[in-house]
Amino acid sequence: VTELGFEADALTPDGLTALAASALFGRLNELELRALRIPSALLVDSLSAATEPGVLSRLALPFNRIGRDDAEALFRLPAAADLRHLDLSDNPLGTDGVAALAGGGVVRGLRVLNLSKTLRGVLGGNALAEAGGLAGLR
């Protein structure tokens with residue numbers, strides 16, 4: 001298995017922690033966690049159980065109520081180090097969350113970045129533009 005997805009109540013915080021700490025997580029290329037009924041801070045904490053970046057290149061986290069603070073923690077995770085595709089659509093990132101993304105270095109390796117309906121604002125767009133490394137985006 002190299003691609004895995006869960007939606008709504010299909011995964012608990014303990015289940016996500018177990019997945020992130022497992023050998024399977026290290027082999028995943030794609031992970032989609034859509035609209036989980038897990039508080040966003042717990043979602044990020046659970047993903048932090050992955051101590052090695054593995055080969056994860058696509059991470060989709062739409063509709064998970066991820067705000068600025070949780071976004072900052074997410075962008076520091078080893079699992080985010082080699083992402084090429086990041087979907088944070090429909091999360092209340094706001095300008096500060098997008099600025100955290102831009103400042104965290106994750107954006108430099110991305111080829112696809114979905115920030116639809118994140119309320120990013122002009123300042124967030126400016127932060128992304130100033131971050132450099134956007135040439136790889138499609």
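Two strands are said to pair if DSSP finds at least two bridges between them, and helices (H or I, at least four residues) and strands (E, at least two) are DSSP runs, numbered from the N terminus. The model is predicted, so that local features need pLDDT of at least 70 and side-chain atom pairs count only at pLDDT 80 or more, while totals for chains, interfaces and linings use all residues. Residues are numbered from 1 along each chain as its sequence is written, and side-chain values use heavy atoms, with hydrogens and water left out.

**Exercise 1. Describe how β2 is paired and how its side chains are arranged.**

Step 1. β2 and β3 pair in the parallel sense, over three bridges, and in this pairing Leu31 has Leu59 of β3 as its bridge partner.

Step 2. β2 also runs parallel to β1, to which five bridges join it, and here Gly5 stands opposite Glu32 of β2.

Step 3. These strands belong to an open sheet of five strands in the order β1-β2-β3-β4-β5, with parallel pairing, whose edge strands, β1 (3-7) and β5 (112-114), each pair on one side only.

Step 4. The side chains along β2 alternate, for Leu31 and Leu33 point to one face and are buried (under 20% relative accessible area, with exposed over 50% and partly exposed in between, using a 1.4 Å probe and protein chains only), whereas Glu30, Glu32 and Arg34 point to the other face and are not buried.

**Exercise 2. Work out on which side of α3 its buried residues lie, and what covers them.**

Step 1. The buried residues in α3 are Ser40, Leu43, Val44, Ser46 and Leu47.

Step 2. Because they cover an arc of only 160° around the axis, they lie on the same side of α3; the arc is that of the directions from the helix axis to the C-beta atoms.

Step 3. Their cover includes α1 (13-21), α2 (23-27), β2 (30-34) and α4.

Step 4. Ser40 serves as an example, since it counts as buried at 10% relative accessibility. Leaving aside neighbours within four places in sequence, Ser40 is in contact (heavy atoms within 4.5 Å) with Asn64, Arg65, Ile66 and Asp70.

**Exercise 3. Describe the packing of α3 and α4.**

Step 1. Helix α3 (residues 40-47) and helix α4 (residues 68-75) pack at an angle of about 5°, with their axes 9 Å apart. Axes are lines fitted to C-alpha atoms, for helices over the stretch in contact, and angles run from 0 to 180 degrees between N-to-C directions.

Step 2. That angle makes α3 roughly parallel to α4 (under 35 degrees, with over 145 roughly antiparallel, 65 to 115 roughly perpendicular and the rest oblique).

Step 3. The contact is made by Ser40, Ala41, Val44 and Leu47 of α3 together with Asp70, Ala73 and Leu74 of α4.
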